[in-house]
Amino acid sequence: MSTEHIMPGETLSVDDAHKDSTVVFGFWMYLMTDLVLFAALFAVFAVLRGPEFGGSDIRNIFSLPYVLIETIVLLSSSFTCGLAMLAARDASVRGVFAWLLTTLVLGAVFVGMEISEFNDLIAQGYGPSKNGFLSSYFTLVGTHGTHVTIGLLWLIALMVAVAKRGLSRSTMRKLALFSMFWHFLDIVWIFIFTIVYVMGGFV
Amino acid sequence: MKNYFQDIGLWPRSHNIAYAYVLGFVLSLALTLSAYSLATENPLPQQELALVVALLALVQCAVQLYCFMHLGREAGSRARLFILGCAILIVGILVGGSLWIMFSLNGRMAPDPAQMEQYMNNEDAF
């Protein structure tokens, strides 16, 4: 008996559990290839951040306190995404919706702060075309920001699905995949925060 | 659907998930703030400071993999852990190899012709 719309309270057959765990594994494979993409961008950044590519006079233009707030906002959104998962386990549609909305707001604040940071840099004449360091900086941080933006669109679609269908098997599966994607982006950000911003201040 | 996330192997059955999320959040906050205050206070020489901050990032990565991604040694996540290991190997070769080559370019350059001439005429140079 395989149906997409098992309602809360019903149990998953062994067969369906196996199918969905394969989906989780496949999505994990995608995340790992994405990790390799980010690693390539980190390698480019590490090479181009030297003074010969314009790196040395740029380190003073970042505001570390501003980036710390960005970091805490993204970390909190990762946490609220986890709370949405817990609400889903407890079959609370309202809880899931509320925590996903919180995640959406925090994610949007993060993207907004990043766009405003980029705007400020470009307005001060530090655009991506100025030197190799800035090209690699905008590519690395911008690729992460693009991922978060796509995640926000996915999150809106997920909230529509939860509102329309409740916590069916298909929305539970989507929720599981989204949470993996969102936590993954937070882990990538740890390294952007450390390597680009924190180390950029003194190395 | 109460055990859906356990049934599909995303959550380990032995984990207290609520506890894991709170623990992960608190630890991540603490690690982020300590990296931040280390960078602003600057109490250590550059090299050591970079090393400590890098270690803090790796610890936070491990914390989030365990607490948020629920990676562990249970059957459900062992396959994911294995793929993560493969990805880390590729990342290591990619990043480590790039840095190794790019920062040893000077030693790899052929000397300019005048210098070469000088070397050729001086046996001690080799």
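Let me start with B:Tyr119, which is partly exposed, because 13 other C-beta atoms lie within 10 Å, and a residue counts as buried only from 20 such atoms upward and as exposed at 12 or fewer. Please keep in mind throughout that this is a predicted model. B:Tyr119 sits in helix H6 of chain B, which covers residues 113-121. If we take B:Leu33 as a reference point, the two residues are 86 positions apart in sequence, and their C-alpha atoms are 55 Å apart in space.

That brings me to the domains of chain B, for which the assignment gives domain 1, residues 1-70, and domain 2, residues 77-126. The centres of domain 1 and domain 2 of chain B, taken over C-alpha atoms, are separated by 33 Å. B:His70 is the residue at which the range given for domain 1 ends, and in the secondary structure B:His70 belongs to the loop between helix H3 (46-67) and helix H4 (75-102) of chain B. The phi angle of B:His70 is near 60 degrees, a positive value in a residue other than glycine. Is B:His70 buried or exposed? It counts as buried, because 27 C-beta neighbours lie inside 10 Å.

A comparable backbone feature turns up in chain A, at A:Ala91, where phi is again near 60 degrees and so positive in a residue that is not glycine. A:Ala91 is placed in the loop between H2 and H3 of chain A, and with 17 C-beta neighbours inside 10 Å A:Ala91 counts as partly exposed.

Now to chain A as a whole. Chain A has five helices and zero strands, and from the N terminus on its elements read α-α-α-α-α. Along its principal axes the C-alpha trace of chain A spans about 65 × 30 × 25 Å, and of its 203 residues 41% count as buried. Among the contacts in chain A with a separation of 6 or more, 80% are between residues 24 or more positions apart.

Let me go through two of the helix pairs, beginning with the two that flank the loop of A:Ala91. The axes of H2(A) and H3(A), the latter being residues 93-123, come within 8 Å and cross at roughly 160 degrees. The two helices are therefore roughly antiparallel to each other, given that angles over 145 degrees are classed that way. H2(A) passes H3(A) in a left-handed crossing, and the residues of this contact divide into 15 nonpolar, seven polar and three charged.

The second pair is H1(A) with H5(A), which pack at an angle of about 20 degrees with their axes 11 Å apart. That angle makes H1(A) roughly parallel to H5(A), and the crossing in which H1(A) passes H5(A) is right-handed. On the H1(A) side the residues that meet H5(A) include A:Asp16, A:Asp20, A:Trp28 and A:Phe45, while on the H5(A) side they include A:Arg169, A:Arg173, A:Phe184 and A:Val196. By class, the contact of H1(A) with H5(A) has 16 nonpolar, no polar and four charged residues.

Staying with helix H5 of chain A, I would also point to A:Trp182, which lies in that helix. A:Trp182 is buried, because 25 other C-beta atoms lie within 10 Å. Which residues does A:Trp182 contact, leaving aside its neighbours within four places in sequence? They are A:Ser78, A:Cys81 and A:Gly151. A:Leu74 is 108 residues away from A:Trp182 along the chain, yet their C-alpha atoms are separated by 9.4 Å.

Finally, the interface between the chains, where 48 residues of chain A are in contact with 44 residues of chain B. On the chain A side, the elements that give two or more residues are helix H1 (14-48), helix H2 (64-89) and helix H5 (169-198). The largest share of that side, 16 residues, comes from H1(A). The residues on the side of chain A that touches chain B divide into 36 nonpolar, eight polar and four charged. To put the two parts together, H1(A) and H5(A) pack against each other, and H1(A) and H5(A) are also among the helices of chain A that touch chain B.

Note on methods:
Residues are numbered from 1 along each chain as its sequence is written. Chains are lettered from A and ligands numbered from 1 in the order in which they are written. This is a predicted model: local features need pLDDT of at least 70, side-chain atom pairs count only at pLDDT 80 or more; totals for chains, interfaces and linings use all residues. Two residues are in contact if their C-beta atoms, placed from the backbone, lie within 7 Å. Helices (H or I, at least four residues) and strands (E, at least two) are DSSP runs, numbered from the N terminus. Ala, Val, Leu, Ile, Met, Phe, Trp, Tyr, Cys and Pro count as nonpolar, Asp, Glu, Lys and Arg as charged, and the others, Gly among them, as polar. Axes are lines fitted to C-alpha atoms, for helices over the stretch in contact, and angles run from 0 to 180 degrees between N-to-C directions. Angles under 35 degrees count as roughly parallel, over 145 as roughly antiparallel, 65 to 115 as roughly perpendicular and the rest as oblique. A crossing is left-handed if the near helix is turned anticlockwise from the far one by less than a right angle, and right-handed if clockwise. Domain bounds come from an automatic or database domain assignment.
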